[in-house]
Amino acid sequence: MDKAEIPLAQRDALGLMLDEHFKIKHLFKAFSREKDAETREAIAHEACLTLTVIAQIEEELFYPHVRARNEAAFGYLIDKAMVEHSCIRSLIAQIQGMTTDDSMFHAKVAVLGELTSHHVNGEEGELYPKLIVMNEDLRDIGAQMLQRKDEITIEAHIA
(Lines give C-alpha, C1' and ligand atoms only; values in the text may rest on other atoms or scores of the structure.)
Protein backbone atom coordinates (compact mmCIF):
# COMPACT_ATOMS: atom_id res chain seq x y z
CA MET A 1 0.00 0.00 0.00
CA ASP A 2 1.41 3.38 -1.03
CA LYS A 3 1.01 6.14 1.56
CA ALA A 4 0.65 8.76 -1.16
CA GLU A 5 -2.52 7.06 -2.38
CA ILE A 6 -4.22 7.12 1.03
CA PRO A 7 -6.96 9.77 1.20
CA LEU A 8 -6.43 12.63 3.63
CA ALA A 9 -9.14 11.34 5.99
CA GLN A 10 -7.08 8.21 6.71
CA ARG A 11 -3.52 9.34 5.93
CA ASP A 12 -2.18 10.17 9.41
CA ALA A 13 -3.45 7.03 11.13
CA LEU A 14 -2.75 4.56 8.35
CA GLY A 15 0.51 6.28 7.39
CA LEU A 16 1.84 5.88 10.93
CA MET A 17 1.06 2.17 10.91
CA LEU A 18 2.47 1.67 7.42
CA ASP A 19 5.71 3.30 8.59
CA GLU A 20 5.84 0.94 11.57
CA HIS A 21 5.06 -2.05 9.34
CA PHE A 22 7.90 -1.05 7.01
CA LYS A 23 10.28 -0.74 9.96
CA ILE A 24 9.34 -4.14 11.36
CA LYS A 25 9.65 -5.85 7.97
CA HIS A 26 13.12 -4.33 7.62
CA LEU A 27 14.13 -5.57 11.08
CA PHE A 28 13.08 -9.16 10.35
CA LYS A 29 14.93 -9.08 7.01
CA ALA A 30 18.02 -7.72 8.75
CA PHE A 31 17.74 -10.46 11.38
CA SER A 32 17.60 -13.19 8.73
CA ARG A 33 20.66 -11.79 6.89
CA GLU A 34 22.80 -11.01 9.94
CA LYS A 35 25.58 -13.47 10.78
CA ASP A 36 26.85 -11.95 14.05
CA ALA A 37 25.00 -13.48 17.02
CA GLU A 38 25.17 -10.37 19.20
CA THR A 39 23.82 -8.16 16.41
CA ARG A 40 21.05 -10.67 15.63
CA GLU A 41 20.02 -10.62 19.27
CA ALA A 42 19.92 -6.80 19.30
CA ILE A 43 17.83 -6.76 16.11
CA ALA A 44 15.40 -9.32 17.56
CA HIS A 45 14.94 -7.31 20.74
CA GLU A 46 14.43 -4.09 18.75
CA ALA A 47 11.78 -5.89 16.68
CA CYS A 48 10.06 -7.00 19.88
CA LEU A 49 10.01 -3.43 21.21
CA THR A 50 8.72 -2.04 17.92
CA LEU A 51 5.95 -4.63 17.79
CA THR A 52 5.01 -3.97 21.41
CA VAL A 53 4.69 -0.24 20.79
CA ILE A 54 2.55 -0.51 17.65
CA ALA A 55 0.35 -3.23 19.18
CA GLN A 56 -0.30 -1.05 22.21
CA ILE A 57 -1.26 1.91 20.02
CA GLU A 58 -3.58 -0.26 17.96
CA GLU A 59 -5.21 -1.84 21.00
CA GLU A 60 -5.61 1.37 23.01
CA LEU A 61 -6.66 3.74 20.25
CA PHE A 62 -7.00 2.47 16.69
CA TYR A 63 -8.99 -0.74 17.09
CA PRO A 64 -11.54 0.69 19.56
CA HIS A 65 -12.01 3.73 17.33
CA VAL A 66 -12.53 1.63 14.20
CA ARG A 67 -14.85 -0.78 16.00
CA ALA A 68 -16.95 2.11 17.34
CA ARG A 69 -17.24 3.59 13.83
CA ASN A 70 -18.77 0.43 12.36
CA GLU A 71 -18.92 -2.79 14.41
CA ALA A 72 -20.66 -4.72 11.63
CA ALA A 73 -18.02 -3.88 9.03
CA PHE A 74 -14.90 -4.05 11.18
CA GLY A 75 -15.66 -6.12 14.29
CA TYR A 76 -14.48 -9.47 12.95
CA LEU A 77 -11.29 -7.98 11.47
CA ILE A 78 -10.50 -6.32 14.80
CA ASP A 79 -11.23 -9.54 16.71
CA LYS A 80 -8.89 -11.46 14.43
CA ALA A 81 -6.18 -8.82 14.82
CA MET A 82 -6.50 -8.97 18.61
CA VAL A 83 -6.02 -12.75 18.60
CA GLU A 84 -2.94 -12.33 16.42
CA HIS A 85 -1.64 -9.70 18.85
CA SER A 86 -2.07 -12.17 21.69
CA CYS A 87 0.06 -14.74 19.89
CA ILE A 88 2.64 -12.11 18.99
CA ARG A 89 2.83 -10.92 22.62
CA SER A 90 3.35 -14.48 23.82
CA LEU A 91 6.31 -14.98 21.49
CA ILE A 92 7.73 -11.57 22.39
CA ALA A 93 7.63 -12.46 26.10
CA GLN A 94 9.51 -15.67 25.38
CA ILE A 95 12.10 -14.01 23.13
CA GLN A 96 12.77 -11.15 25.54
CA GLY A 97 13.91 -13.64 28.14
CA MET A 98 16.31 -15.36 25.74
CA THR A 99 19.66 -14.89 24.06
CA THR A 100 21.02 -16.31 20.82
CA ASP A 101 22.61 -19.04 22.94
CA ASP A 102 19.15 -20.49 23.63
CA SER A 103 18.40 -23.32 21.22
CA MET A 104 14.92 -22.04 20.34
CA PHE A 105 15.83 -18.36 19.93
CA HIS A 106 16.18 -18.33 16.14
CA ALA A 107 13.09 -20.48 15.60
CA LYS A 108 10.96 -18.26 17.84
CA VAL A 109 12.14 -15.09 16.12
CA ALA A 110 11.45 -16.68 12.72
CA VAL A 111 7.91 -17.66 13.75
CA LEU A 112 7.37 -14.18 15.21
CA GLY A 113 8.40 -12.74 11.85
CA GLU A 114 6.02 -15.04 9.97
CA LEU A 115 3.11 -14.30 12.30
CA THR A 116 3.82 -10.58 12.10
CA SER A 117 3.97 -10.74 8.31
CA HIS A 118 0.60 -12.50 8.23
CA HIS A 119 -0.87 -9.88 10.58
CA VAL A 120 0.53 -6.95 8.57
CA ASN A 121 -0.71 -8.44 5.30
CA GLY A 122 -4.19 -8.75 6.81
CA GLU A 123 -4.24 -5.15 7.93
CA GLU A 124 -2.76 -3.74 4.74
CA GLY A 125 -4.68 -6.05 2.41
CA GLU A 126 -8.09 -6.09 4.05
CA LEU A 127 -8.63 -3.69 6.95
CA TYR A 128 -6.99 -0.53 5.57
CA PRO A 129 -8.54 -0.82 2.07
CA LYS A 130 -11.95 -1.35 3.67
CA LEU A 131 -11.49 1.77 5.80
CA ILE A 132 -10.59 3.72 2.65
CA VAL A 133 -13.44 2.34 0.51
CA MET A 134 -15.95 3.04 3.28
CA ASN A 135 -14.46 6.55 3.62
CA GLU A 136 -13.98 6.25 7.39
CA ASP A 137 -12.64 9.50 8.80
CA LEU A 138 -9.58 8.77 10.95
CA ARG A 139 -8.21 12.30 11.21
CA ASP A 140 -9.11 12.68 14.88
CA ILE A 141 -7.39 9.44 15.91
CA GLY A 142 -4.19 9.89 13.83
CA ALA A 143 -2.70 12.65 16.00
CA GLN A 144 -3.60 10.75 19.17
CA MET A 145 -1.82 7.67 17.83
CA LEU A 146 1.35 9.60 17.06
CA GLN A 147 1.35 11.23 20.49
CA ARG A 148 0.80 7.86 22.18
CA LYS A 149 3.63 6.31 20.17
CA ASP A 150 5.99 9.00 21.45
CA GLU A 151 4.83 8.45 25.06
CA ILE A 152 5.19 4.67 24.91
CA THR A 153 8.61 4.88 23.26
CA ILE A 154 9.87 7.26 25.96
CA GLU A 155 8.45 5.01 28.70
CA ALA A 156 10.07 1.93 27.15
CA HIS A 157 13.49 3.55 27.04
CA ILE A 158 13.21 4.77 30.61
CA ALA A 159 12.17 1.36 31.99
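User: In this predicted model, with which handedness does H1 pass H2?

Analyst: The crossing of H1 over H2 is left-handed. By class, 13 nonpolar, three polar and five charged residues make up the contact of H1 with H2.

User: How is a pair of packed helices described in general?

Analyst: Two packed helices are described by the angle between their axes together with the distance between those axes. Here, helix H1 spans residues 8–33 and helix H2 spans residues 37–69. Their axes come within 9 Å and cross at roughly 160°.

User: Are H1 and H2 roughly parallel or roughly antiparallel to each other?

Analyst: An angle over 145 degrees counts as roughly antiparallel, and H1 and H2 are therefore roughly antiparallel.

User: Which residues of H1 and H2 meet?

Analyst: On the H1 side, the residues include Leu14, Met17, Ile24, Leu27, Phe28 and Phe31. On the H2 side, Ile43, Ala44, Ala47, Leu51, Ile54 and Phe62 are among them. Charged participants include Glu20 and Lys23 in H1, and Arg40, Glu46 and Glu58 in H2.

User: How many disulfides are there, and why?

Analyst: A disulfide requires two cysteine sulfur atoms within 2.5 Å. The count here is zero, because the sulfur of cysteine 48 lies 15 Å from the closest cysteine sulfur, that of cysteine 87, which is too far for a bond.

User: Are cysteine 48 and cysteine 87 buried or exposed?

Analyst: Cysteine 48 is buried, at a relative accessible area of 0%. Cysteine 87 counts as partly exposed, with 39% relative accessibility.

Conventions. Residues are numbered from 1 along each chain as its sequence is written. This is a predicted model: local features need pLDDT of at least 70, side-chain atom pairs count only at pLDDT 80 or more; totals for chains, interfaces and linings use all residues. Side-chain values use heavy atoms; hydrogens and water are left out. Buried means under 20% relative accessible area, exposed over 50%, partly exposed in between (1.4 Å probe, protein chains only). Axes are lines fitted to C-alpha atoms, for helices over the stretch in contact, and angles run from 0 to 180 degrees between N-to-C directions. Helices (H or I, at least four residues) and strands (E, at least two) are DSSP runs, numbered from the N terminus. Angles under 35 degrees count as roughly parallel, over 145 as roughly antiparallel, 65 to 115 as roughly perpendicular and the rest as oblique. A crossing is left-handed if the near helix is turned anticlockwise from the far one by less than a right angle, and right-handed if clockwise. Contact means heavy atoms within 4.5 Å.
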